[in-house]
Amino acid sequence: MRRLRSSQKIRDMVAETRLDPSELVLPLFFDANIDSPRMTESMPGVVTYPLSGYAEIAKELEEAGVGAVLVFGIPSAKDPVGSDAYSDTGVVQEAIRGLKAVSDLLVIADLCMCEYTDHGHCGVLDGHGSVVNDDTIDLYGKIAVSQARAGADMVAPSGMMDGQIAAIRFALDAEGFQDVPIMAYSAKFYSAYYGPFRDVACSAPGKGNRAGYQMPCGNRREAMREIDMDVVEGCDIIMVKPAGPYLDIIREAADAFNLPIAAYQVSGEYAMMKAAAANGWIDEDRVMMESLLAIKRAGADIIITYYAKEAARKLRERR
Ligand code: PBG
Ligand code: ZN
């Protein structure tokens, strides 16, 4: 075996898995309440931008060559029905419009309500604090249309409501957005790895948790059923989330479905690597690339990661 490991050139030649900047997606946060960029302690390197900041970041990302951005917004006002999420002048709509005006970046819009509702849940609540499924997916349809109208190239619903893909597809088609694809957060688990994200996006539920809509962590067959339904409802890309702790699910999805697979290396995965690196306990560059390569090897075609810019730059340097 060692004959094929004897030099970097030979190792490159026989490499079974390669990463490319075009398959990396960077989550981007815009906050309508700030005038200058904000850092978050639990997510070193992740910057939340004011709405005026899109031109600067767009240029940086185009230079780094990332495949796309996944845009999240923090609105100036929250209410029980998340009105800002489907307002044509909402924070994410403004951010999308701005990014598209100054760049050729591929812009994917995260489609959910938890950043926009005052209770922090991913939909509207009944009197007992439970999310009402069908009222919520009607609103998801409205969000999708407003995001497409703002210029989003793709929408990515992350709320884990039943029937959300069909509702969004129907709403988009009815408004003339037949060409806007849906990246479905199909197998999104009820994960503790989302903790740091909620510090950045200010989207932690005030009362209760998301176990009533996100998937139980140990359920593999149920994940396949979730994906199956999204495919039938008309999604274009399947997502598994988180990525690193769920490589088996990524592999099984890649084997079972003939759609592109995306995997989301989430905030907690990133925060753990950052914390260990800050202590000098791991070589950050190598662990970053290894974690991404492992997700690719498991079967992901697209990787959403907070490391997208650094990893894209590193891949370009190597060429
Ligand atoms: C909102 C949403 C979350 C993430 C992406 N979209 C948080 C959640 O479901 O609580 C998590 C991303 C991350 O942890 O990096 N629905
Ligand atoms: Zn949500």
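**Reading burial, backbone, zinc site and core**

Mentor: Let us begin with Met160, which counts as buried because its relative accessibility is 5%. Buried means under 20% relative accessible area, exposed over 50% and partly exposed in between, with a 1.4 Å probe and protein chains only. This is a predicted model, in which local features need pLDDT of at least 70 and side-chain atom pairs pLDDT 80 or more, while totals for chains, interfaces and linings use all residues. Residues are numbered from 1 along each chain as its sequence is written, chains are lettered from A and ligands numbered from 1 in written order, and side-chain values use heavy atoms, without hydrogens and water.

Trainee: Where is Met160 placed, and what is its phi?

Mentor: Met160 sits in the loop between strand 6 (154–157) and helix 5 (164–174); helices (H or I, at least four residues) and strands (E, at least two) are DSSP runs, numbered from the N terminus. Its phi is near 60°, a positive value in a residue other than glycine. Cys202, in the loop between helix 6 and helix 7 (220–233), likewise has a positive phi, near 50°. Cys202 is partly exposed, because its relative accessibility is 36%.

Trainee: Which peptide bond is cis, with omega near -10°?

Mentor: That bond runs from Lys241 to Pro242. Pro242 belongs to the loop joining strand 8 (237–241) and helix 8 (247–256).

Trainee: Which protein donors bind the zinc ion (ligand 2), and what geometry does its site have?

Mentor: Donors are N, O and S atoms within 2.8 Å of the metal (3.2 Å for Na, K and Ca), and sites may look incomplete because water is not among the atoms. Here the protein donors are the SG atoms of Cys112, Cys114 and Cys122, at 2.2 to 2.3 Å from the zinc ion. The spacing of the donors along the chain is C-x1-C-x7-C. The site is tetrahedral, with angles of 97 to 122° among its four donor atoms; four donors count as such if all angles lie between 85 and 135 degrees. Cys114 is buried at 6% relative accessibility, and Cys122 is buried with a relative accessible area of 1%.

Trainee: How many residues does the largest nonpolar core have?

Mentor: In soluble globular proteins, nonpolar side chains tend to be buried together. A nonpolar core joins buried Ala, Val, Leu, Ile, Met, Phe, Trp, Tyr and Cys residues through side-chain atoms within 4.5 Å. The largest one has 109 residues, and Tyr140, Met183 and Tyr264 have the most contacts inside it. Helix 4 (residues 133–150) gives the most to this core, with eight residues.

Conventions
Four donors count as tetrahedral if all angles lie between 85 and 135 degrees; four count as square planar and six as octahedral if opposite donors are over 155 degrees apart and all others between 65 and 115; anything else is irregular.
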